[in-house]
Amino acid sequence: MEAMKVWSSRPLRHLFHLASSSSPPSPTWKSYLPVTFTRCCSTSTSAAVVTSAAVPTQGGRSGRSSDASTTTSTSYREAIPAIRLKKVEELGSKGFEHYAYKWDRTHTAKQLQEMCKHLGNGEELNGENDQVSISGRIVARRDFGKLALLTLRDDSGTIQLYCEKERLINDQFERLKSLVDLGDILGASGSIKRTKKGELSVCVNSFLTLTKSLLPSCWSPETGFGSKETTTPAISVILCKFVDDPEVVFNVLDAILKCSLDRLKLMRGNMSWTCTGHYNYTSKAGYTQHIDTIRNLCLKGKLGVALWLRNKMIHKGVIPDVVTHNYLVHGFCKVGTFEKAEWLVREMCCSGPSPNCATYNTLMKGYCDFSDIDKALDLLSTMTDGKVKPNIVTFNILVHALCKKGLSEEARVLLLKLTDENSQRNLVASTIVMDNCFKNGDTSLALTLWGEICERNKEVDVVAYNVIVHGSCLNSDVIVAYKYVNEMLKIGLLPDNFTYNTLISAFCKMGRVDEACYLYTVMSRMGVAPDMISYNILIQGLCVVGDVVTAHELLTFMLEKSMVPAPRTWNIIIDGYGKHGDKQIALHIRDKMMIYGLSPNVFTYNALIHMLIKGREIAEAHALMKEMLLAGPLPDIVTYNLLVGAEAKFGHLYSAYQVYDDMLKRGYDPDIVTYTELIKGYCMRGKIEEADRFFGFDMLQDSNLAIDHVPFQILIKKHFKMKDFDSAYGVYQKWLLMDQAE
């Protein structure tokens, strides 16, 4: 039910007269009469009416009556559909459909924004393939003479329509200005342009009214002209319509403002009520909800919000449990903010909940991940001196960190501190130390640890056997590795992928690829599916021994199983075919690699360039390098060395020097291979002076260059052939001086 409010507003009316007149009004007795406004207010609609008597204007003439103002302000809403119905009839009379049957849309607003985000300010895509079609509702418009800017909104977002009179032919521009209103659904087609101010726009060549709106977008039956989304267009329409009537303008603006304030008050009340329930931690359901919220925030990395919510709970008298605090500690350790993690642990010690072993283990793991072993060991002392006793996880963390840093002896000492209360207590730590001993070459100590593991543990797991199998393969003792695999099978442990991959890798390194392939078949029969690592090891081993065809078959089998390997595997096969001179197959594999969504990297191009150089196709090799410079990836020092060496080998010394010069201009530092290839090329062609210049003024002057014996030997040998023994001895002296300096 609407409430009627009456108040005196003579000063506000007087203010409007001051604003609308060029000179101050004369203070007649009529100007001091109070003007009474009656406003109908509700939560959803507002209508302003004037109920005063005739109001005089500045010149003493009578203004509009209250009845006239009331009729005008309340009938405006009914007048809009009538005006638009006339526009519908006008569209029909001109032969246009005001409710179109079909419109072929090619893009949404969001798709255009994503597709043209690279477009610079002032640039336009106006090719034949750049024409787009879009449709949506007109939510805003601005007219500038021969230009109209419309904002179109569809289901994905908004985009601007750039409507120029020059582009719109056959009276389309006049029809746009006179018959298109806010709220109409339009279909527009044209090219894409980004204005000088950076607004992506569709330059409209043609448009079609798909649906004619009978009500403006600023009006709805629920909220009238005061909806939160369309208040500004409503104000614009009213100001334009009643610009000469300040009373109506004032009342409408005041009604809209009052409606907005009422809605804001209601929203604030709802928010306050929600927040009151938000911080109700007393119920079990509320406590659980906020505990889960803190944990989820920690997992997502939003530690600031999680810590704020934790502090808010404590401020309300409810302390989160120790597990929630451990989530926070883990989050801070993960990002390396140990100050906050340490502060949180101190807060737990002082105010609760008391930290448990998992809390200290989490903090210790963080220290170890960031290579701060000293703090981790200090934390172990704190745990030992306090009420919290370290568990097996604590020692496993420290043993793994010490082994990773190469401190095997310290890890061994720490391992001896483990008690024998539980035989499984030291299995993981012993396995870690044993693996580290194998990797460092201390096989005797590793086997001693293995004996202790077998004595103290009734059940040895697969991981421990994998470590001993891997250690045996590192020593190239495959027979012993087979023995441990047989032990696994006898006690009922089935080898896993790591076991088979270790044995396959050992056989491939030893060149026994046939046995590796046999293990691959055994692996499949035993119910262990080969993984990506299995195929990569086999493909590399087959290519090393020259069986590229079988490797290619394995690659095809992987692709049939929807297993797309990394570019490294493709590069190995491309290089294998390149070494055999199969150019077409190598290029076919490169193209197939791109079909599966993998971009060739610098190693791919280097393998192809090496193949072309080997086939004396130097021009094609240079073309591949230009392709790298244009489209990427950029060449590396190996690419330049391949071309320098090829040009020098075939006697094209000027071209070799050009490649070398281009390398310097692009900021690449030549290495010893670059200088060696150039010196070798000049020596082969008898140009010993140029070789000496590169040797003395370029190579030896580079202090950062690691020089080996090869260029010295090339020059000495050339000088001896030319019977220039003094120069040969001079090069030899420089060689000796370099060795002494090292």
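Met 434 is buried in this predicted model, with a relative accessible area of 0%, and its place in the secondary structure is helix H15, which spans residues 427-439. Beyond its neighbours up to four places away in sequence, Met 434 touches Ala 446, Leu 449, Trp 450, Ile 453, Ala 464, Val 467 and Ile 468. The topics below cover this residue, a run of paired strands, the aromatic rings, the cysteines and one further helical site.

**Surroundings of Met 434**

- Because its relative accessible area is 0%, under the 20% limit, Met 434 counts as buried.
- The contacts of Met 434 outside its own stretch of sequence include Trp 450, together with Leu 449 and Ile 453, and also Ala 464, Val 467 and Ile 468.
- Ser 408 is separated from Met 434 by 26 residues in sequence, and the C-alpha atoms of the two residues are 9.5 Å apart in space.

**Strand E6 and its partners**

- Strand E6 (residues 147-153) has 5 of its 7 residues buried, and it is therefore largely enclosed by the rest of the structure.
- On one side of the pairing list stands strand E5 (residues 132-144), which pairs with E6 in the antiparallel sense over 7 bridges; within this pairing, Arg 137 stands opposite Arg 153 in E6.
- The connection between E5 and E6 is a hairpin with 2 residues between the strands, and Gly 145 in the turn has a positive phi of about 70°.
- Strand E7 (residues 158-164) also pairs with E6, again in the antiparallel sense and over 7 bridges, with Gln 160 in E7 as the bridge partner of Thr 151.
- The link from E6 to E7 is a hairpin as well, made through 4 residues.

**Strand E8 and its partners**

- Strand E8 (residues 185-194) is largely enclosed by the rest of the structure, because 9 of its 10 residues are buried.
- Strand E4 (residues 124-125) pairs with E8 in the antiparallel sense over 2 bridges, and here Lys 193 in E8 is the bridge partner of Glu 124.
- E5, already described as a partner of E6, is joined to E8 by 6 bridges in an antiparallel arrangement, where Ser 133 stands opposite Ser 189 in E8.
- Strand E9 (residues 200-211) runs antiparallel to E8 and is joined to it by 10 bridges; Lys 193, the bridge partner of Glu 124, stands opposite Ser 201 in E9.
- E8 and E9 form a hairpin with 5 residues between them, and Gly 198 in that turn has a positive phi of about 90°.

**Aromatic rings**

- A search of the whole structure finds 15 aromatic pairs, among them a tilted pair formed by Tyr 535 and Phe 557, whose centres are 6.3 Å apart and whose planes make an angle of 50°.
- This pair links distant parts of the chain, since Tyr 535 belongs to helix H21 (residues 532-544) and Phe 557 to helix H22 (residues 548-560), 22 residues apart.
- Tyr 535 counts as buried at 0% relative accessibility, whereas Phe 557 counts as partly exposed at 35% relative accessibility.
- Phe 338, Tyr 367 and Phe 370 are linked into a cluster by ring pairs.
- Lys 483 lies over the face of Tyr 484, at 4.8 Å from the ring centre.

**Cysteines**

- A disulfide is a covalent bond between the sulfur atoms of two cysteines.
- The count for this structure comes to 0 disulfides, with sulfur atoms required to lie within 2.5 Å of each other.
- Cys 163 is in no disulfide, and the nearest cysteine sulfur, that of Cys 203, is 9.1 Å away.
- Cys 163 is buried, with a relative accessible area of 2%, and Cys 368 is also buried, with a relative accessible area of 13%.

**Asn 641**

- Asn 641 has its place in helix H27, which covers residues 637-649.
- At 10% relative accessibility, Asn 641 counts as buried.
- Leaving aside its neighbours within four places in sequence, Asn 641 is in contact with Asp 671, Val 673 and Thr 674.

How values were computed:
Residues numbered from 1 in each chain as written. Predicted model: local features only at pLDDT ≥ 70, side-chain atom pairs only at ≥ 80, totals over all residues. Heavy atoms only, no water. Buried < 20%, exposed > 50% of the residue type's maximum accessible area, 1.4 Å probe, protein only. Contact = heavy atoms within 4.5 Å. Phe/Tyr/Trp six-rings, centres within 6.5 Å; stacked < 30°, edge-to-face > 60°. Lys NZ or Arg CZ within 6 Å of the ring centre and 35° of its normal. Pairing = 2+ DSSP bridges.
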